[in-house]
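Me: Got a minute to look at a model with me? I'd like to go through its core and its ligand site.

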Amino acid sequence: TAVLLRSLSAPPPKPTFTTAPAMTAPPMAEPAPSFYIPSRLFYSLQHLDFGQLLSLMLTIGATFTSAFFVIRNTAYRICDYYTSTVEVRSNDPTFDYLMYWMSEQKQYIYSTSFVASAATNMWDNMLYPGRVKRTGIQIEEDNEEDIALAANDFNTYWSQRIRHDKTRPIKYTPCEGVHLLRHDGTMISFKRRSDQVSRQGRKDGPSFRQSEFVSLTCLGRSTATLRKLLAEAQTSYVERDGAKTVIYHSNRGMWQRRASRIARDISTVVLDPVQKAALVEDIREYLHPLTKRWYRERGIPYRRGYVLFGAPGTGKTSLCLALAGLFSLPVYISSLNEPGLSEESLSQLFTTLPTRSILLLEDVDAAGLTHKRSEKISSRRYSGGIPVSQSDDGDDDDEGEEKEEDGPGSTSRRSKTTRSPRISLSALLNAIDGIISVEGRILIMTTNHIDHLDSALLRPGRIDMSIYFGNITTETAEELYRSFYSTQSIDSSSPQPVQDYQKRKLSSCDYPTSEEQLSSLATVFASRIPSGEISPAEMQGYLLRHKYRPDKAIANIQDWIVRFRYEKEMRKGPTREHFPATAAADEGDTESTARARSKNMRGRKRRGG
Ligand SMILES: Nc1ncnc2c1ncn2[C@@H]1O[C@H](COP(=O)(O)OP(=O)(O)OP(=O)(O)O)[C@@H](O)[C@H]1O
């Protein structure tokens, strides 16, 4: 250290050169101030010229770097020229096909890193890792083997079911990076990467959307191998659905597959036969290719919309699913109340629908955007887009009356009074028939209160047919009874254990054996049903108690109706008749105190008291 310090503080010695005296040695260039210390250090230790050494090193470095880039670019160009690549993006259905196919490949993927998923919602987790919250919704696909096993031996089936639920099969797809796979004797490189894109277009924006990319590369200038692979992936993805109805749900502006269900037969949804036939005929006509041409020739946007309205549990959603089954169309379900749904994502949902699909917008009245704009109610509750809370004294008499009408289970009224609309009416209208909105789709909106919808939403072109769903009538009660007990013939296409099970079950119950017998039972049943009082869902609830006893369903119906009426009364709130003692004490009430009490009661109800 002492030597070093001394050499640094001493003036630089003159370098000695052993060249010919005639040639004057060039004096060593005075090092630049920043090189002074390293230069002195080098010279004192190695007697080397630091400047020359540095330039030599820089030259070597630059040569190697340029050589590296030249070689790499040449290699890339050669690879590009002699290989074929296809890129698949996560916002395209092909991505789903490919990832499903990959998860089904048991061998021939040469990789050491995978995304493993045993989640209920396997697809969401795999396709969009880290982005999907668990909703707790579990929709299971039907499994014929399970049904056959259950028909044979329920206990074994159940223990297997429970074990399976605990140890869900783990599915694998290659994780981010490059992997090799062999398909039809060809080696294919599979590259997966993801990119985070904020909704505002900035990477550091508040809400991110993860986009994924997969590229498949194989040797040769022909893309045939890759096309064949993708076609195979698509077929395997589509074939698993068979004739089932595929249901998609919206999630933050994207459609996500949720389930495939055995299609519901349209005859199981009871509705005025004339209305039902008109609706089915209208859709059939709309889907006809000549209709499409007809629309195009006249410059009319090729779209069709329906609104199904009526009380809860009257079959609106059921009819929509049955129509999807009848026409083998996928159903895309969304609700304007969905958390996180913005105007931008709503428009994206509408534009990414496939042609020939059903878009079901549920409970449009509950979104808070659909009040008639001219009405007093609108300005009072949504002045400036900010919800105005109800005053505690329960002054709003209309409100109280409407609440009672909705019944205790109604959520739509509550949501309207506590939330401001996130989607404006104009955004919804634009999404429905905006210039980039998909043509060929069928829009079905359901609502419990059609009178709350703005007339702009219901104008022809947006909504072409409105169908009312009402409570059970004598005719629909008969139809429901028939559809409930008619499917008792043994399905000869079912596996033998299932047929045996059905036979055993039928022989132990008192089922009608012929169509005539069923008809006369249905007529007796229907004659005991009061028209317009009971919703189909409530009726179904009753029939489910007598799933295998059609005779008991008839015998017990009158008792059930008495109880049903009583419970309905009680749900409306206790009245004087329920409390005769109180009624007597109230005899002396003046009209004004009675009104004050009723007002208080409404106020308490609204506050949940
Ligand atoms: N018209 C009907 N025909 C046959 N079944 C019905 C009918 N209405 C209701 N149901 C039965 O009642 C249940 C609820 O029906 P659904 O969900 O279709 O009613 P909804 O009108 O859509 O109700 P909400 O307005 O609450 O969404 C289903 O299980 C369905 O089978």
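Reply: Sure. One term before we start: two residues are in contact if their C-beta atoms, placed from the backbone, lie within 7 Å. Also keep in mind that this is a predicted model.

Me: Okay, so with that in mind, which residues does Y332 touch?

Reply: Leaving out residues up to four places away in sequence, Y332 touches Y248, W255, L353, S357, I358, L359 and L360.

Me: And which residues have the most contacts inside the largest nonpolar core?

Reply: Y332 is one of them, along with C320, I358, L360 and I444. That core has 57 residues.

Me: Which helix gives the most to it?

Reply: Helix α11, residues 316-326, with 6 residues.

Me: Where does this core lie relative to the domains?

Reply: Between domain 2 (255-367 + 376-382 + 397-469) and domain 3 (474-573), because both give residues to it. There's another core lying apart from it, with 15 residues, including V88, M102, L216 and C218.

Me: Switching to the ligand. How many residues surround it, and which are the closest?

Reply: The ligand has 17 residues around it, and the closest are P312, G315, S318, P536 and A537. Two elements, α11 and α21 (536-545), give two or more residues to that shell.

Me: What's the shell like by class?

Reply: It has 9 polar, 7 nonpolar and 1 charged residues.

Me: And why does the shell lie between domain 2 and domain 3?

Reply: Because domain 2 and domain 3 both give residues to it.

Me: Back to α11 for a sec. Where is F327 found?

Reply: F327 is in the loop between α11 and β11 (331-335).

Me: Is F327 buried, exposed or partly exposed?

Reply: Partly exposed: F327 has 18 other C-beta atoms within 10 Å, and a residue needs 20 or more to be buried.

Me: What does F327 touch?

Reply: I283 and L287, again not counting residues up to four places away in sequence. The C-alpha atoms of F327 and T245 are separated by 9.6 Å, with the two residues 82 apart along the chain.

Me: Last topic, the overall picture. How many helices and strands are there in the protein?

Reply: The protein has 25 helices and 14 strands. Of its 609 residues, 21% are buried.

Me: And what share of the contacts with a separation of 6 or more comes from residues 24 or more positions apart?

Reply: Such pairs account for 75% of those contacts.

Conventions: Residues numbered from 1 in each chain as written. Predicted model: local features only at pLDDT ≥ 70, side-chain atom pairs only at ≥ 80, totals over all residues. Core = buried A, V, L, I, M, F, W, Y, C linked by C-beta atoms within 7 Å. Buried ≥ 20, exposed ≤ 12 C-beta atoms within 10 Å, placed from the backbone. Helix = DSSP H or I, 4+ residues; strand = E, 2+ residues; numbered from the N terminus. Domains from an automatic or database assignment. Near = placed C-beta within 6 Å. Nonpolar A, V, L, I, M, F, W, Y, C, P; charged D, E, K, R; others polar.
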